[in-house]
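This explanation leads the reader from the surroundings of the ligand to the arrangement of the strands. Please keep the structure in view while reading.

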Amino acid sequence: MLNYKETIKQLPNKLYKVLKHAGEIGDVLGIKVYVVGGFVRDLILKEKNFDIDLVVEGDGIFFAQKLNEKIKGYINVYDEFGTASIELKNDIIDIVTARSEYYQYPAALPTVKMNSIWHDLYRRDFTINSMAIKLNSLEFGNLLDYFGGLTDIKNRVIRVHHSSSFTDDPTRILRIIRFAGRLNFTIEEKTKQYMQKALEQNMILKISDDRIRKEIIHILEEKSFSNIISIMECYGIFQNIDPNLIIKKDTIKKLHNLETSICEFSKYTRNYIDKNIIKIMHILESFPLDKLSNILTKFVSDKKCILTLIFTLTKKKDVYIKIKNKKLDKYDLYKILEPYSIESLIFYYNDCENYIIKDHIRFYVKNLKDIKIDITGKDLKSLNIKPGPIYAEILNNVLKAKILGEVDDYIDEINYVKKFYNIRKNNIDT
Ligand code: ATP
């Protein structure tokens, strides 16, 4: 039996200790304890993965409480599922009771029942994710590989356990493509056929918006997300989600370049940049505008984000036409781009090839976006200007003057108002 004790010893000490303690507590309680899933896969692949999934053949919750007494994290218990999680400073340890599952109907959430580690591993998605390492002291580090996961890792292939895997849980279609893209593995031939069959049966449509969103977010957060999007397009996944959702080669190219654009813009702004929203904008860039609201719930749930996405995509052509003009003055540029979030602006920048448009967007974000005036209505009041719609007009004129470089600081602004207001007054008086 292969043993990974030495490899585990090379992990950061706090992780090693958690695994050691878990095994020792298992010894005391007389139950078998394993670390499973992605952690084992990545240990073999020598990839960093600090998400520990523990499986115990016994009462998982009681075990978790005992472990937490030792490692002193913050424990969450989920009685109905027989699971618990322990939050440490930067890591989360998930603990489950070994279980098998049966499905009431395809794509339903599984009904859970107790069982042994073999069943627990068999119910997992792919052989490479279905290995366990035993943690009890006497067998610490022993690899349990019932389904050939190690050979599949060596051959760089991803394989499901059985032909109905994708109909049992169609999110596995998105997962397999994510892992293929991330690890640069190929999908085993039979597995590919099962997947294609599930796609023909439109199984993707059976996934709830909530689950599909979660999987899509996982994909967008992968380093190699543009490769994954490209593989998804090859398998026709997007058209399965919606026949109008077509990802062009050009879009993949833009997604490849996106990180560079984000890097460049992050130098010019202190705003947080939500990269996923920009990626979603690109994915939907050719989608019919009048149907956008129907598909967006598969990508985002936040209402504000949905509105931003619709606004950005709908206004794109209009913005490009307006800022294509070489002679645009700074204030006009400011007014055109002011309604757009940093994400929308980076999207426009990365989307468009016209250098005048690109220069204008870059110039706006770098030099204009954060311009604010220092005076407020209070200052206008202390200048004895009667409150009314004129306040907005004056403040806007001060802003314009500031953008055009005619005023610089608070004193300049006050002087500008005095001058501006006098001129108006004279005009009104005459
Ligand atoms: P990542 O590195 O992306 O976190 P992971 O393999 O740890 O990858 P998780 O989503 O955290 O992925 O899932 C943990 C484990 O749970 C997987 O390794 C796999 O064994 C199992 N698993 C997750 N999703 C499914 C699924 N849809 N069907 C079956 N098993 C699953």
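In this predicted model, 15 residues surround the ligand, and those that come nearest are Arg41, Asp169, Arg172, Arg178 and Arg182. Two of these five can be followed down to single atoms. The side chain of Asp169 places an N or O atom 2.8 Å from a nitrogen atom of the ligand. For Arg182, an N or O atom of the side chain is 2.6 Å from an oxygen atom of the ligand. The backbone takes part as well: a polar backbone atom of Gly38 is 3.1 Å from a ligand oxygen atom. On its own, the ligand has 590 Å² of accessible area, of which the protein covers 76%.

Two elements give two or more residues to the shell around the ligand, namely helix H3 (38–45) and helix H8 (171–183). The greatest contribution is that of H8, with 6 residues. By character, the shell consists of 10 charged, 4 polar and 1 nonpolar residues. Both domain 1 (5–155) and domain 2 (156–241) supply at least three residues to this shell.

The strands may be considered next. An open sheet of 7 strands, with mixed pairing, follows the order E3-E4-E5-E2-E1-E8-E9. Its edges are strand E3 (74–78) and strand E9 (143–144); each has a single partner strand, and therefore one side of each lacks a neighbour in the sheet. At the E3 edge, the partner E4 (residues 83–87) runs antiparallel to E3 and is joined to it by 5 bridges. Within this pairing, Tyr78 stands opposite Thr83 of E4.

Conventions: Residues are numbered from 1 along each chain as its sequence is written. This is a predicted model: local features need pLDDT of at least 70, side-chain atom pairs count only at pLDDT 80 or more; totals for chains, interfaces and linings use all residues. Side-chain values use heavy atoms; hydrogens and water are left out. A residue is near a molecule or strand if one of its heavy atoms lies within 4 Å of it. A polar contact is a pair of N or O atoms within 3.5 Å; within protein, one must be able to donate a hydrogen and the other to accept it, and residues adjacent in sequence count only if both atoms are side-chain atoms. Accessible areas come from the Shrake-Rupley method with a 1.4 Å probe; for residues, only the protein chains shown count as cover. Helices (H or I, at least four residues) and strands (E, at least two) are DSSP runs, numbered from the N terminus. Ala, Val, Leu, Ile, Met, Phe, Trp, Tyr, Cys and Pro count as nonpolar, Asp, Glu, Lys and Arg as charged, and the others, Gly among them, as polar. Domain bounds come from an automatic or database domain assignment. Two strands pair if DSSP finds at least two bridges between them.
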